[in-house]
Amino acid sequence: MTTSTTSIGLDTVPDWQDRSAALADDLVAAGKLSSPQWRAAVEDVPRHVFVPRFYLHREGRMVALAADDPGTRQEWADTVYTNTALVTLVDHDKNNGPVYLSSSSTPGLMTRMLEALDIHDGHTVLEIGTGTGLNAAWLTHRLGEKHVYSIDIEPDLVDTARARLAQLGYRPTLVTGDGSAGLPEHAPFHRIIATCSVPSIPWSWVEQTRIGGRILVDVRAGTNAGNLVHLTRTAQDRADGNFDATGATFMGLRHNPGADSRIPYTRTSADLPATTSTTTRDPRTPWTQPVVWFLTAMRLGSSYRIGYAGDPQNGPRAVTITTPDGSRAEIALATDDHGHHTVRETGPVRLWQHVEHAHQIWDQAGQPPWQSLGLLVTPDTQTIYADTIDTPLATIPSAQQTQKGNRA
Ligand SMILES: C[S@@+](CC[C@H](N)C(=O)[O-])C[C@H]1O[C@@H](n2cnc3c(N)ncnc32)[C@H](O)[C@@H]1O
């Protein structure tokens with residue numbers, strides 16, 4: 001794994017206060033920051049202390065920018081105080097390339113989430129995903145260290161974040177462990193914010209939120225399929241709320257440190273018997289219809305892949321959807337004279353049929369946008385609905401909810 005435990009001083013960026021004030025101005029201008037309290041946190045907390053080294057993706061390569069590298073130091077300083085997500089922990093999987101394990105999220109997304117949580121003086125907040133510690137620093141600036149708890153699965157990240165926070169005089173409670181179990185010994189919380197995505201809401205989070213308290217998390221079924229959901233614990237046995245109008249994408253929650261082992265793919269053979277049909281739906285649904293794709297992905301399992309088939313000379317010819325069991329759907333981008341796309345499906349599951357089904361459900365519900373989509377969480381089921389619970393659209397698989405935390 002590639003990480004950085006370097007500590008750097010405030011004076012590494014002598015004009016950091018001007019830079020953080022300029023960042024706050026940018027976030028205000030972009031409509032991502034409005035409250036004076038969160039503005040003060042952005043201005044007063046030096047982001048550069050939390051990201052002495054980070055990685056950017058450029059032209060298919062990972063590029064490291066670091067405070068202690070004379071060749072990249074200037075660019076490092078110029079990038080830190082911009083509204084940019086900075087990757088800070090990468091694992092190198094020899095089959096699948098770099099896997100991002102931690103990052104400092106886009107500051108504008110962080111402020112938007114903190115403001116959406118409607119945090120007040122005296123609230124206690126649990127953050128799932130300490131990462132660099134920057135969000136914990138902002139929370140501590142706002143609420144005081146006795147009110148802030150943060151947990152991460154990576155021991156090195158927690159140790160490093162603790163040291164960097166202490167350097168600034170902040171001592172919130174940081175814990176190493178699997179945040180899907182919450183932090184029962186410090187519950188209940190007024191707010192829970194997760195900065196990693198989950199396939200479904202761990203019931204422990206609802207249990208550990210006060211009645212009337214809120215949870216904000218990215219619920220994500222797989223690639224391109226998810227969004228933030230704003231939940232309120234409305235009763236002992238339920239939390240309810242709506243998905244976000246704007247959207248956000250977080251890396252997934254892992255139950256162990258390091259990269260999850262990837263499920264090997266079964267290649268589909270060109271000789272396998274194929275079922276051919278046609279569709280009038282958009283083959284690019286995974287990219288053009290986020291709600292439909294979310295509903296589809298609920299049924300595909302999280303390990304599907306989406307992409308294009310074609311060649312460099314002629315460009316993409318078809319959209320492809322594949323799952324680890326060897327199922328594959330290929331949907332031609334071109335249409336015939338009647339506006340039909342040819343669909344070719346092989347393997348045990350007819351994957352495109354799931355997309356057709358999700359389109360139908362979404363159409364019947366009046367094509368609700370994200371913000372009209374609700375999520376009702378009870379101990380047994382998690383239901384996605386359109387406008388009211390009387391229009392259920394899907395049930396989230398709850399298998400992962402039973403995972404136990406492995407607190408270190
Ligand atoms: C986007 S980063 C968090 C950014 C962080 N809030 C900050 O301000 O720098 C997501 C984090 O979630 C952590 N994570 C993944 N699975 C987790 C789990 N089961 N419990 C707690 N943290 C987890 C990752 O290690 C990673 O640090």
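Begin by selecting helix α2 and helix α5 together: Gln37, Trp38, Ala40, Ala41, Val42 and Asp44 of α2 meet Trp138, Leu139, His141 and Arg142 of α5. Sorted by class, the residues of this contact are 6 nonpolar, 2 polar and 2 charged. Keep in mind throughout the tour that you are looking at a predicted model.

**The pair α2 and α5**

Two packed helices are described by the angle between their axes and the distance between the axes. For α2, which covers residues 36–44, and α5, which covers residues 134–143, the angle is about 125 degrees and the axes are 9 Å apart. An angle of 65 to 115 degrees would count as roughly perpendicular and one over 145 as roughly antiparallel, and α2 and α5 are therefore oblique to each other. If you turn the view so that one helix lies in front of the other, the crossing to look for between α2 and α5 is a right-handed one.

**Along α5 and just past its end**

Now select α5 alone and display the surface of the rest of the model around it. How many of the 10 residues of α5 are buried? The number is 9, so α5 is largely enclosed by the rest of the structure. The buried residues of this helix are Leu134, Asn135, Ala136, Ala137, Trp138, Leu139, Thr140, Arg142 and Leu143. Step onward along the chain from α5 and you come to Gly144, whose phi is positive, near 95 degrees.

**A cis peptide bond**

Next, select Ala187 and Pro188, and look at the peptide bond that leads from the one to the other: this bond is cis, with omega near 5 degrees. To find the place on the backbone, look for the loop between β7 (173–176) and β8 (189–194), where Pro188 lies.

**His255 and its partner**

Move on to His255, which you will find in the loop between β11 (238–243) and β12 (274–279). Is His255 buried or exposed? With a relative accessible area of 16%, His255 is buried, because buried means under 20%. Show the side chains here, and add Asp178 to the selection, since the side chains of His255 and Asp178 make a polar contact at 2.7 Å.

**The pair α9 and α10**

Select residues 290–300 for helix α9 and residues 351–364 for helix α10, which pack at an angle of about 130 degrees with their axes 8 Å apart. These two helices, α9 and α10, are therefore oblique to each other, and their crossing is right-handed. Which residues meet here? From α9 come Val291, Val292, Trp293, Leu295, Thr296, Arg299 and Leu300, and from α10 come Leu351, His354, Val355, His357, Ala358, His359 and Trp362. If you colour this contact of α9 with α10 by class, its residues divide into 9 nonpolar, 4 polar and 1 charged.

**Two residues with positive phi**

Follow the chain from α10 into the loop that leads to β17 (373–377), and select Gln367 there. Although Gln367 is not a glycine, its phi is positive, at about 55 degrees. Gln367 is partly exposed, with a relative accessible area of 44%.

For the last stop, select Asp387, in the loop between β18 (382–386) and β19 (392–395). Asp387 is not a glycine either, yet it has a positive phi of about 65 degrees. Its relative accessibility is 55%, and Asp387 therefore counts as exposed, the cut-off for that word being over 50%.

Key. Residues numbered from 1 in each chain as written. Predicted model: local features only at pLDDT ≥ 70, side-chain atom pairs only at ≥ 80, totals over all residues. Heavy atoms only, no water. Axes fitted to C-alpha atoms, helices over the stretch in contact; angles between N-to-C directions. Helix = DSSP H or I, 4+ residues; strand = E, 2+ residues; numbered from the N terminus. Parallel < 35°, antiparallel > 145°, perpendicular 65-115°, else oblique. Left-handed = near helix turned anticlockwise from the far one by under 90°. Contact = heavy atoms within 4.5 Å. Nonpolar A, V, L, I, M, F, W, Y, C, P; charged D, E, K, R; others polar. Buried < 20%, exposed > 50% of the residue type's maximum accessible area, 1.4 Å probe, protein only. Polar contact = N/O pair within 3.5 Å; in protein donor to acceptor, adjacent residues only side chain to side chain.
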